Amino acid sequence: MHRSFKLLAALLLVLLLQACASVQYQPLATIDRIAPQEGYRLRQAITRQQLPGNADDIFMVVMFSGGGSRAAALGYGVLDELRRQQFEWNGKTHRLFDQVDLTFGVSGGSILSAYYALHGEDMFGDFERDFLKQNLQGNIARKAFTITNWSRLTSPQFGRGDLLEEQLNLALFRHATFGDLAHRRKGPFTVIGSTDMASGTRLDFTQEAFDPLCLDLSALPLARAVAASSAVPLVFSPLTLNNNGGHCGYAVPGEMEQAVFYADPNALQTTTRRELLDNVLSYGNREKRPYIHLLDGGLVDNLGMRSLLDMTQLYSNKQLYDQFTVHNTRKIVVINVNAQNRMDTTIDRSADVPRLREVVQALINIPIDRNSQESVRQFRRLADNWRKDEERRVQLQGGEPIELYFISLTLKDLADSALREEMLNVPTSLYLPGPTVEKLKRAGADLLNQSEEFGQLRKALGLRRDER
């Protein structure tokens with residue numbers, strides 16, 4: 001019996017080693033030239049490649065923060081409420097939901113954002129069935145402890161982040177790629193954000209961001225991008241990308257080059273622009289950085305707001321204004337859905353040293369909270385400056401101003417104190433009980449309707465709620 005056990009152990013060890021050798025990273029397809037008119041590019045949103053029911057003179061952006069299922073459920077509630085908001089515009093009845101041209105998704109918010117981009121209005125009902133009412137977290141845990149996965153998880157090129165990708169594919173995305181988004185998406189253009197582990201900078205999943213890496217984003221599964229965006233440190237392992245930078249003739253876009261090299265070298269904005277350019281150029285040496293490892297996008301931008309803020313750093317108000325006037329934009333609407341929680345804690349009631357779990361949570365949450373607060377402040381300043389510039393322009397040139405509405409929706413701003421207290425204590429996970437999901441959906445609708453900025457938009461558009 002002892003010999004049989006030793007033989008079985010040896011056999012298992014051989015199989016384990018063989019499996020470890022067979023589980024290897026599969027590189028993304030490379031490109032040998034830059035094709036500015038091809039691929040999943042942000043210009044599809046900026047140039048207003050419209051969907052049915054979209055008014056051509058309203059440009060609308062919705063940003064979904066991190067926060068696991070809590071963020072996805074809250075954002076779902078906001079979208080459901082936007083679907084009920086109707087208005088008359090240019091002689092036609094429109095829904096506010098149909099005006100969304102662009103979304104940004106980070107971590108848990110990326111799950112909703114990517115699904116919305118792929119399915120459009122078909123997401124309603126299906127997203128609840130496929131994600132909000134599923135225990136994705138439990139499924140991943142079961143997979144991790146399944147004996148058939150032990151060999152893969154001991155491979156140096158396969159980790160828990162890859163298991164997350166597999167489960168996202170099975171439950172939600174069914175092997176859809178960014179090429180599918182480029183050619184058959186039913187919803188708005190979406191930007192999924194992740195964090196480059198080595199540089200600590202944001203890497204977005206758009207072809208513009210993948211050009212410096214000389215990679216074809218079209219071949220990348222949506223599930224892998226969402227898994228990278230959701231790869232919370234210690235919970236999930238980083239997701240890997242190969243890098244082919246320096247082998248496709250990439251050149252810095254003229255607008256970026258002009259903004260950096262022809263601006264006041266002593267200006268603070270110029271310093272920020274140079275940092276952004278350095279981040280892009282860091283991918284240009286494949287020999288030095290043949291692989292890029294990606295973590296949760298919320299580590300550097302938990303609101304999905306930095307991409308827009310970086311655009312305002314690179315381009316002047318006049319350049320941005322010109323982009324909007326070319327497409328006859330009259331109203332810009334930006335909605336930020338922030339699902340940041342604030343869990344009650346008892347650590348200050350005792351002299352005991354806080355436990356490791358509490359320390360790790362603080363290490364992650366404190367910088368995220370601070371960065372998020374600063375991003376909101378910057379965007380409010382941007383909105384205020386935009387309105388002042390538009391007032392001056394109208395005084396000098398006449399015409400109508402391009403109105404900018406910044407609608408910030410945050411759980412801590414809920415008017416219902418009992419609901420607020422409960423929602424702020426919802427943990428960050430990939431599973432929530434059904435009643436909690438329903439309350440988060442209600443919270444999303446309540447936050448939108450109680451927002452003062454949304455009230456201003458309601459008045460400007462003559463919004464009315466469809467009660468059916």
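**Notebook: selected residues, salt bridges and a cavity**

I began with Ser107, which counts as buried because its relative accessibility is 6% (buried is under 20% relative accessible area, exposed over 50% and partly exposed in between, with a 1.4 Å probe and protein chains only). I note at once that this is a predicted model, in which local features need pLDDT of at least 70 and side-chain atom pairs count only at pLDDT 80 or more, while totals for chains, interfaces and linings use all residues. Residues are numbered from 1 along each chain as its sequence is written, and side-chain values use heavy atoms, with hydrogens and water left out.

**Two backbone angles**

Ser107 is not a glycine, yet I found its phi to be positive, near 50°. I placed Ser107 in the loop between E4 and helix H4 (108-119) (helices are DSSP runs of H or I with at least four residues, strands are runs of E with at least two, and both are numbered from the N terminus). I then looked up Arg174, another residue that is not a glycine but has a positive phi, here of about 45°. Arg174 sits in the loop between helix H8 (160-173) and helix H9 (178-184), and with a relative accessible area of 48% I list Arg174 as partly exposed.

**The chain as a whole**

For orientation I counted secondary structure, and the protein chain comes to 20 helices and 11 strands. Of its 468 residues, 51% are buried. I also looked at contacts (heavy atoms within 4.5 Å) between residues at least 6 apart in sequence, and found that 81% of these join residues at least 24 apart.

Helix H11 (residues 222-229) caught my attention as a mostly covered element, since eight of its eight residues are buried. The buried residues of H11 include Arg224 and Ser229 as well as Leu222 and Val226.

**Phe97 and its surroundings**

Next I turned to Phe97, in the loop between strand E3 (92-95) and strand E4 (100-106). Phe97 has a relative accessibility of 4%, and therefore I record it as buried. Leaving aside residues up to four places away in sequence, I found Phe97 touching Leu79, Leu82, Arg83, Tyr116, Gly120, Glu121 and Phe124. I also checked Phe97 against Met60, from which it is 37 residues apart in sequence and 9.4 Å apart in space, C-alpha to C-alpha. Two of the residues that Phe97 touches, Arg83 and Glu121, also appear in a network of salt bridges that links Asp80, Arg83, Arg84, Arg95, Asp98 and Glu121 (a salt bridge is a side-chain nitrogen of Lys or Arg within 4 Å of a carboxyl oxygen of Asp or Glu).

**Salt bridges**

My search of the whole structure gave 37 salt bridges, and I wrote down three pairs in detail. As background, side chains of opposite charge can pair when their charged atoms come close.

The side chains of Arg202 and Asp310 meet in a salt bridge at 3.0 Å, N to O. This pair links distant parts of the chain, with Arg202 in strand E6 (residues 201-204) and Asp310 in helix H15 (residues 306-314), 108 residues apart. I marked Arg202 as partly exposed, with a relative accessible area of 25%, whereas Asp310, at 10% relative accessibility, counts as buried.

Glu374 forms a salt bridge with Arg377, and I read 3.2 Å between their closest N and O atoms. Because Glu374 and Arg377 are three residues apart in helix H17 (residues 356-397), about one helical turn separates them. Both ends are partly exposed, Glu374 with a relative accessible area of 29% and Arg377 at 42% relative accessibility.

Glu38 and Arg33 are joined through their side chains in a salt bridge of 3.7 Å, N to O. Here too I found partly exposed residues, Glu38 with a relative accessible area of 45% and Arg33 at 48% relative accessibility.

**A cavity beside Arg202**

Finally I searched for cavities (sets of points, on a 1 Å grid over the protein atoms alone, where a 1.4 Å probe fits but cannot get out; lining residues have an atom within 4 Å of a point). I counted four cavities of 30 Å³ or more, and the second largest has a volume of about 50 Å³ (grid points are joined across faces, edges and corners, and volume is the space filled by probe spheres set on the points). Which residues lie nearest the centre of the second largest cavity? Of the 13 residues in its lining, they are Val106, Gly193, Arg202, Asp204 and Asp301. The elements that give two or more residues to this lining are E4, strand E5 (189-196) and E6, and E5 gives the most, with four residues.

How values were computed
1 Å grid on protein atoms, 1.4 Å probe; cavity = no way out; pocket = protein on both sides within 12 Å on 5 of 7 lines; lining within 4 Å.
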